[in-house]
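Here is a short briefing on one protein model. It is grouped by topic, for reading alongside the structure.

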Amino acid sequence: MAIDIQRRGLLLGGAAGAWLLVAEFALTPATTGSALAQGWPAHPVRIVVPYAPGGSTATVARITADRLSRIWGQQVVIENKPGGGTNIAAAAVAGSDPDGYTIFIGSSSLATSRLLYRSLPYALSDLAPVTLVCTFPLLLLAPNSSPASSVAEFIAFAKEKKGKVTFASPGVGTVPHLAGELFKQLADIEMTHVPYRGDAPALTDTIAGRIDLQIGGSAMIEQIRSGQVRGLAVTTAKRSRLAPELPTVAEAGVPDFDVTGWFAFFVPARTSRAIVEKIHIDTVTALNDPTVKSNLEEHRHGGCRLDAGRTCRVAQGRNGKMECRDQGG
């Protein structure tokens, strides 16, 4: 699958893509009436994760769901629907009853899928944004058996083994996949893409040495720390404060490389405005819980910067990057 990645396009598909989605969805009318939110939720709520269990998306969803369960007094369950570059899960939520009981944890792929697929089983207008949850770097990982211990050494290895090097992502059309394609172009190397149904299945083959490079979410920082895999770099413009020893791809020898991932909550478009606002407020409360913040920002997730409740816009003349400020700021 040959993909020509425009650098600006991928930046828009990253953190900035969240704003583009919100801008488009803002045109979708929502039912009003605070009475509709009274007594909600009256039974369990599900958060649909578009990947297999064990990856970054599932980690964020699980940690957030645990706190929301306590706030709502109802169980919040995680339902994994991997496949289709996150489109299977997105379509399932878009077609669900608009009652707030089905939440989609979407990622940057929502912004890029419409550019990669001729047709989708849902329209962006079928989903309504609830809140941006967090932004995070992607990680470049290599098996411990790899001859490369740095980005420069991996590029040299790929050029030596031209056409025989593989890289894994959590699925076709996902931002890690596109980040890999961008890395190929900017580093002028050849790699064969091997898609999986999430970070965790890909990680199994990376640890075993069946994959030469994996690009995935920052939850895999734990596997780097434990020595199961070798971390080569982070994809953002600046180093992660939780793994300062890892260089950025740009400073490691690939100038202009800058990819940021994001997670956000969405619900079916016709969901009551009152219920959307309640989910938003309670999610912000959950993410501001000290334990949740510690788990996501400082420990388990490895640098998922919390952005819930922030107002964002695309900065003019800055390659589509996103500027954010706190509400009321």
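Two strands count as paired if DSSP finds at least two bridges between them. By that rule strand S5 pairs with strand S8 (residues 213–216), with 3 bridges and an antiparallel run. The model is predicted. The protein has 11 helices and 13 strands. Of its 329 residues, 57% count as buried. Among contacts between residues at least 6 apart in sequence, 77% join residues at least 24 apart.

**Strand S5 and its partners**

- Strand S5 covers residues 139–143, and 5 of the 5 are buried, so the strand is largely enclosed by the rest of the structure.
- In a regular strand, side chains alternate between the two faces of the sheet.
- Both faces of S5 are covered. Leu139, Leu141 and Pro143 are buried on one side, and Leu140 and Ala142 are buried on the other.
- On the S8 side, Leu139 stands opposite Gly216.
- S5 is also joined to strand S9 (residues 229–234), by 5 bridges, and these two strands run antiparallel.
- Within S9, Gly231 is the bridge partner of Leu141.

**Helix H4**

- Helix H4 spans residues 87–94, and 6 of its 8 residues are buried, so the rest of the structure largely encloses it.
- The buried set is Asn87, Ala89, Ala90, Ala91, Val93 and Ala94.
- These buried residues pack against four strands and a helix: S1 (45–49), S3 (102–107), S4 (127–137), S10 (260–268) and helix H5 (109–116).

**Ala202 in helix H8**

- Ala202 sits in helix H8 (residues 199–207).
- Is Ala202 buried or exposed? Its relative accessibility is 0%, so Ala202 counts as buried.
- Beyond its neighbours within four places in sequence, Ala202 is in contact with Ala168, Ser169, Tyr196 and Gln214.
- Ala202 and Gly55 are 147 residues apart in sequence, and their C-alpha atoms are 9.5 Å apart in space.

**Cavities**

- Rolling a probe the size of a water molecule over the atoms shows where empty space is left.
- How many cavities of 30 Å³ or more does a search of the whole structure find? The search finds 2.
- The largest cavity has a volume of about 140 Å³.
- Its lining holds 17 residues, and Tyr51, Thr57, Phe136, Pro176 and Phe263 lie nearest the centre.
- Helix H3 (56–72), helix H7 (175–187) and strand S10 each supply at least two residues of that lining.
- By type, the lining of the largest cavity divides into 7 nonpolar, 9 polar and 1 charged.
- Strand S10 thus appears twice in this briefing: the buried residues of H4 pack against it, and it contributes to the lining of the largest cavity.

**Salt bridges**

- The count comes to 9 salt bridges.
- Asp289 and Arg67 meet through their side chains in one of them, at 3.2 Å, N to O.
- That pair links distant parts of the chain, 222 residues apart. Asp289 is in the loop between helix H10 (273–287) and helix H11 (290–298), while Arg67 is in helix H3.
- Buried means under 20% relative accessible area. Asp289, at 16%, is therefore buried.
- Arg67 counts as buried too, because its relative accessibility is 19%.
- Asp205 forms a salt bridge with Arg210, and their closest N and O atoms are 2.8 Å apart.
- The two ends of the Asp205 bridge contrast in exposure: Asp205 counts as buried at 17% relative accessibility, whereas Arg210 is exposed at 55%.
- Arg225 and Glu222 also meet in a salt bridge, at 2.9 Å, N to O.
- Arg225 and Glu222 both lie in helix H9 (residues 221–225), 3 residues apart, or about one turn of the helix.
- Arg225 is partly exposed, with a relative accessible area of 41%, and Glu222 is partly exposed at 33% relative accessibility.
- Elsewhere, salt bridges that share partners join Arg46, Glu79 and Lys81 into one network.

Notes: Residues are numbered from 1 along each chain as its sequence is written. This is a predicted model: local features need pLDDT of at least 70, side-chain atom pairs count only at pLDDT 80 or more; totals for chains, interfaces and linings use all residues. Side-chain values use heavy atoms; hydrogens and water are left out. Buried means under 20% relative accessible area, exposed over 50%, partly exposed in between (1.4 Å probe, protein chains only). Contact means heavy atoms within 4.5 Å. On a 1 Å grid over the protein atoms alone, a cavity is a set of points where a 1.4 Å probe fits but cannot get out, and a pocket is an open set with protein on both sides within 12 Å along at least five of seven lines; lining residues have an atom within 4 Å of a point. Grid points are joined across faces, edges and corners, and a volume is the space filled by probe spheres set on the points. Ala, Val, Leu, Ile, Met, Phe, Trp, Tyr, Cys and Pro count as nonpolar, Asp, Glu, Lys and Arg as charged, and the others, Gly among them, as polar. A salt bridge is a side-chain nitrogen of Lys or Arg within 4 Å of a carboxyl oxygen of Asp or Glu.
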